[in-house]
Amino acid sequence: MYNIQKNTFFQNSRKHVRYISDIDKIKQLSPDERDTLREIAIKYPFRVNSYYLNLINWDDPNDPIRRLVIPHRDELLEWGSLDCSNEKRNTVNSGVQHKYGSTVLFLVSESCASFCRYCFRKRLFLKGNKETTINIEEGLKYIRNHPEVDNVLLTGGDTLMLKTEKLDYIIGQIRRIKHIKVIRIGSKIPAYNPYRILNDDSLVEMLKKYSEPSRRIYLMCHFDHPKEITPQSREAIRRIIDAGIICLNQNPIIRGISDSPAVMKKLWKELTYMGVAQYYVFQNRPTIGNTPYAVPIVEAYRKIEKAKAECSGLAKRIKYVMSHSSGKIEIVGVDSKHIYLKYHQAAKHQDNQRLIICYRDNNAVWLDQLKPVKGFENRYYSEINDSFRIN
Ligand code: SF4
């Protein structure tokens, strides 16, 4: 059996982490604040945990950790749509999204250790959601029947919210499918609740078992801010890396949380030191309720470039991308007149690597709001309405 080397500080320190879904139980908020925010916490589900709450500096109303999980009154402003990347269209089976030939998304979890206020999949946490996997076997059957797929991303929700036993079954079944080489696990657990990893040695043992030398498991972490990097999260990541799991980080650019070059630089550097290379920075999707979190493309591009300029080559590999319904689009440049974009991965194979040049619009937050230069028109434009403009 795999022997987990433990930091002596954490050796005997299992910790019970409480989940809280009732905003009235957050006593650090004033009664007035709770009154104002109750309606929002009902409209777009609220969830946090005792570990993460302890990272908040309650004396600072703009504390980034607070902003990440405590509702903001502007979430009630009319803006965006519930499924702005049209993920529903790519849903081919129970909890299975298949948009790009070799990659399948398997939505196996319908919960997270806290809910990010800006979540692009908040529809999954609303009543009546049917997009996560109801029948694991059907999803597995779909993957077995598609030999062109060589990598599966387990997501949701947060994959590591599943019980280790269930996750063992799912990963074990996928490992038996010869054409699947890479299994990616999408998770914000190392940031939200590292005790999920520290308290459960069998989770790390199980991941180690399935991360084979020629078929690795990747943990796609989601750290948004350097304040999330604590002794506990470092130790959780250390155990995961020591078990042979490759860790990468991806996060969206969010107003008031990750929209400062200094914060980005610090986050990427700290993560790199821990062995977690930054992979994508996402343009935050214009999801309903996300007005207070939006950062326009031009501003985001400038800030990301500024942060990159002060980092080593490792961080310079970051790609700033938009998960548009027509594909994953990289924002490759901005000048005084134009925004330059390129399909990093397109829903239609023939669009792969295709360049799109649009007129510069400092307020645009999504591709559909940009006007393409003649000859670069995109036939997938304007699938969603223009209700998420920032003026
Ligand atoms: S961790 Fe991901 S799925 Fe969960 S609330 Fe945050 S953005 Fe949404």
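This passage looks at the ligand site, the two biggest pockets and one helix of a predicted model.

The ligand comes first. Its neighbours are C112, F115, C116, C119, F125, G157, K188 and H222. Sorted by class, that shell holds 5 nonpolar, 2 polar and 1 charged residues. As for where the ligand sits, the space it takes up turns out to be the largest pocket.

That largest pocket offers about 1,000 Å³ of space. Its lining runs to 43 residues, with F120, R121, Q250, F282 and R285 the closest to the centre. Plenty of strands chip in: β4 (96–100), β5 (103–107), β6 (151–155), β7 (182–187), β8 (217–221), β9 (246–253), β10 (277–283) and β13 (338–346) each give at least two lining residues. The lining breaks down into 16 nonpolar, 19 polar and 8 charged residues.

The second largest pocket has a volume of about 290 Å³. Here helices show up in the lining, as α2 (31–43) and α4 (64–69) each supply at least two residues. The largest share, 3 residues, belongs to α2. Residues lining this second pocket include E33, T36, R66, R67, H72 and Y293, and by class the lining splits into 5 nonpolar, 3 polar and 4 charged.

Then there is helix α12, which covers residues 297–309. Its 13 residues reach 18 Å from the first C-alpha to the last, close to the 18 Å expected at 1.5 Å a residue. Buried along α12 are I297, V298, A300, Y301, I304, A307 and K308. In general, an α-helix has 3.6 residues a turn, so residues three or four places apart point the same way.

Conventions
Residues numbered from 1 in each chain as written. Predicted model: local features only at pLDDT ≥ 70, side-chain atom pairs only at ≥ 80, totals over all residues. Heavy atoms only, no water. Helix = DSSP H or I, 4+ residues; strand = E, 2+ residues; numbered from the N terminus. Expected span 1.5 Å × (residues − 1). Buried < 20%, exposed > 50% of the residue type's maximum accessible area, 1.4 Å probe, protein only. Near = heavy atom within 4 Å. 1 Å grid on protein atoms, 1.4 Å probe; cavity = no way out; pocket = protein on both sides within 12 Å on 5 of 7 lines; lining within 4 Å. Sits in = over half its atoms within 2 Å of the grid points. Nonpolar A, V, L, I, M, F, W, Y, C, P; charged D, E, K, R; others polar. Points joined across faces, edges and corners; volume = space filled by probe spheres on them.
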